[in-house]
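Hi,

Here is the structure I promised to send over. Have a look at it first, and my notes follow below.

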Amino acid sequence: MGDQRHERLWRLVTERLPDQRAGTGWAGVVCAVAVERLGVDAAAVTVRTTVRTQQLVAATDAWAEELEELQYTLGEGPGVAAFTSGEPVLVGDMGTGRHQWPGFEGEAASAGVGAAFAFPLQAGTTWLGTLDLYRRTPATLDAEHLADAVALAALTTTALLADAGGDEVAPWARADLPGHYDEVNIATGMLAGRLDISLDDAMLRLRAHAFSHHLPLTEVAQAVLQHRIRPDTFAE
Amino acid sequence: MQDYDWTQDKAEFVAEPPDAPHPMSGTPDHSPLARQFALMTRTLLHTDTVAGALDLVMHTVQAVIPDADLISITLRSSDGRLHTPLETDPRGTELDQLQYRYNEGPCLDAARKEGTACTHSGDLAATPQWPRFGPAAADLGFLSVLSTALVADAKPPRMSGAMNIFCRKPGKLGDESTRDRALLLATHASLALAHTEAVRLAELREAELRKALETRDVIGQAKGILMNRRGINAEEAFDLLRRTSQDLNIKLAELARTLADRHTELDVPEL
């Protein structure tokens with residue numbers, strides 16, 4: 001039974017090819033299959049190493065990208081929670097105000113999130129990241145979709161490892177190419193140098209600024225790089 | 001080996017009539033053999049160590065092949081040595097060492113032959129197959145043997161091997177039903193070995209991936225530090241990092257990390 005499900009989803013993934021232009025590898029294919037099959041509006045795969053360190057691998061649209069970045073800014077949300085607990089996190093109605101994530105819930109509501117589901121990606125004995133699914137209207141995942149999502153998360157791990165270690169390493173996994181949040185890292189370095197503070201401290205100040213001004217972190221980083229925000233703004 | 005109550009288990013299966021249905025035919029829901037196989041398959045799915053999986057397979061062998069007096073798993077490393085990671089009796093290692101010493105024996109045959117998965121002898125004392133190993137094994141008190149190949153398609157550094165079943169009585173372990181059961185169980189053992197290899201590979205790649213992504217973050221931060229210090233753009237900062245890493249013969253990642261870690265205390269003259 002479980003094997004049949006796994007095989008069916010495996011076929012759905014492998015009958016497609018990775019989008020060479022997007023550079024999102026097999027992880028991108030898994031996201032596309034998730035949106036098609038699981039009754040959700042958007043999907044994203046994020047590799048996480050700590051609560052505060054993440055790398056967006058693939059997202060089906062700008063909305064999912066924005067929601068992943070929101071979690072990167074705040075260090076909280078369904079993906080972060082699934083990664084730290086190692087358990088799926090299922091929020092069928094984001095608007096119930098459970099105050100699990102005081103920062104994320106409000107911002108997600110403004111962004112029009114009705115429901116969010118996050119699945120940890122297991123690799124050996126650790127977690128590699130999460131498969132995050134978003135709906136615009138509130139609804140739980142039915143049993144069938146939930147089982148498919150769990151199986152698809154297992155396939156996502158395989159997809160990531162294939163992207164990272166196959167004959168052809170996908171652009172998202174290459175250390176020598178800039179990552180999705182490269183500007184944030186550069187701005188962090190600039191700010192740390194300018195204010196003579198630690199990198200962690202610099203990152204924290206960028207994040208605080210983004211959160212308090214309701215701006216995406218990458219936009220704040222761009223503003224710093226283009227000298228549109230004075231570094232003094234971040235001084236204590 | 002774990003402390004299973006093998007004796008009791010074995011008694012249960014011996015109690016089964018000798019003409020019991022073949023494990024893969026007959027009525028799967030009611031045959032104790034089929035139940036044993038089903039239980040093993042289910043348990044295997046939740047066993048994540050190779051030792052645990054092989055242990056379970058051997059336990060099942062003991063249960064479904066009543067003539068099995070000694071069971072061992074032998075793995076051959078790329079240097080040709082024989083390793084005996086699991087055995088129900090310390091004489092399993094001894095038997096393997098004899099095969100290694102004489103360079104002949106059922107386990108070597110099973111692992112060596114292509115296509116033939118099983119090697120059997122019901123008369124170890126006088127078998128022409130293994131003129132030296134045979135009598136030596138008989139001296140240890142074992143007169144029948146059945147060896148089944150494991151991971152037949154192994155390529156270095158992965159090891160090929162065999163699952164060996166020994167019986168103290170002559171003329172045993174040669175019937176078709178025993179052979180079928182041994183083959184089926186050896187398949188499970190091979191799968192367990194292959195699966196563990198995959199898990200290990202996943203962990204390895206996962207660690208590499210993690211490192212690559214962390215390196216990338218640090219390179220980004222180092223670029224920012226240089227941009228601030230030199231008033232240059234991101235591309236120029238990356239070029240400077242790369243050039244310096246070549247000039248100083250330090251890895252780019254290491255250079256970036258030093259710069260990121262020490263930027264408040266050090267003023268690297270080259271940068």
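How far apart should the ends of helix H3 (residues 62–74) of chain A be, at 1.5 Å a residue? Keep in mind that this is a predicted model. The helix has 13 residues, so the expected span is 18 Å, and the end C-alpha atoms are indeed 18 Å apart. Many residues of H3(A) are buried, including A:Ala64, A:Leu67, A:Leu70, A:Tyr72 and A:Leu74. The buried set also takes in A:Glu68 and A:Glu69, along with A:Gln71 and A:Thr73. Following H3(A) comes A:Gly75, with a positive phi near 70°.

Next, the sheet. Chain A has an open sheet of five antiparallel strands, in the order E2-E1-E5-E4-E3. Strand E2 (54–59) and strand E3 (89–91) of chain A form the edges, each pairing on one side only. On average, neighbouring strands of this sheet are turned by 20° against each other, ignoring direction. Within the sheet, strand E1 (residues 42–48) and strand E5 (residues 126–135) of chain A are joined by six bridges in the antiparallel sense. A:Ala44 has A:Asp132 of E5(A) opposite. Helix H4 (residues 78–85) of chain A lies across E1, E3, strand E4 (115–123) and E5 of chain A, and runs at about 35° to E4(A).

On to the nonpolar cores. The largest has 62 residues, and A:Val30, A:Ala34, A:Leu133 and A:Leu152 have the most contacts inside it. Helix H6 (residues 143–165) of chain A gives the largest share of this core, nine residues. If you would like one residue to centre your view on, try A:Leu133: beyond its neighbours within four places in sequence, A:Leu133 is in contact with A:Ala34, A:Leu38, A:Val40, A:Ala43, A:Ala116, A:Phe117 and A:Ala149. Another core, of 44 residues, lies apart from that one and includes B:Val64, B:Ala136, B:Ala182 and B:Ala186.

Finally, the contact between the chains. Chain A and chain B bring 28 residues each. On the chain B side, helix H7 (176–230) and helix H9 (252–262) each supply at least two residues. H7(B) provides the largest share of that side, 23 residues. By type, the chain B residues touching chain A are 11 nonpolar, seven polar and 10 charged.

Happy to go through any of this with you.

Best wishes

Conventions
Residues are numbered from 1 along each chain as its sequence is written. Chains are lettered from A and ligands numbered from 1 in the order in which they are written. This is a predicted model: local features need pLDDT of at least 70, side-chain atom pairs count only at pLDDT 80 or more; totals for chains, interfaces and linings use all residues. Two residues are in contact if their C-beta atoms, placed from the backbone, lie within 7 Å. Helices (H or I, at least four residues) and strands (E, at least two) are DSSP runs, numbered from the N terminus. Ala, Val, Leu, Ile, Met, Phe, Trp, Tyr, Cys and Pro count as nonpolar, Asp, Glu, Lys and Arg as charged, and the others, Gly among them, as polar. Two strands pair if DSSP finds at least two bridges between them. Axes are lines fitted to C-alpha atoms, for helices over the stretch in contact, and angles run from 0 to 180 degrees between N-to-C directions. A nonpolar core is a set of buried Ala, Val, Leu, Ile, Met, Phe, Trp, Tyr and Cys residues joined through C-beta atoms within 7 Å. A residue is buried if 20 or more other C-beta atoms lie within 10 Å of its own, exposed if 12 or fewer, and partly exposed in between; C-beta atoms are placed from the backbone. The expected span of a helix is 1.5 Å times one less than its number of residues.
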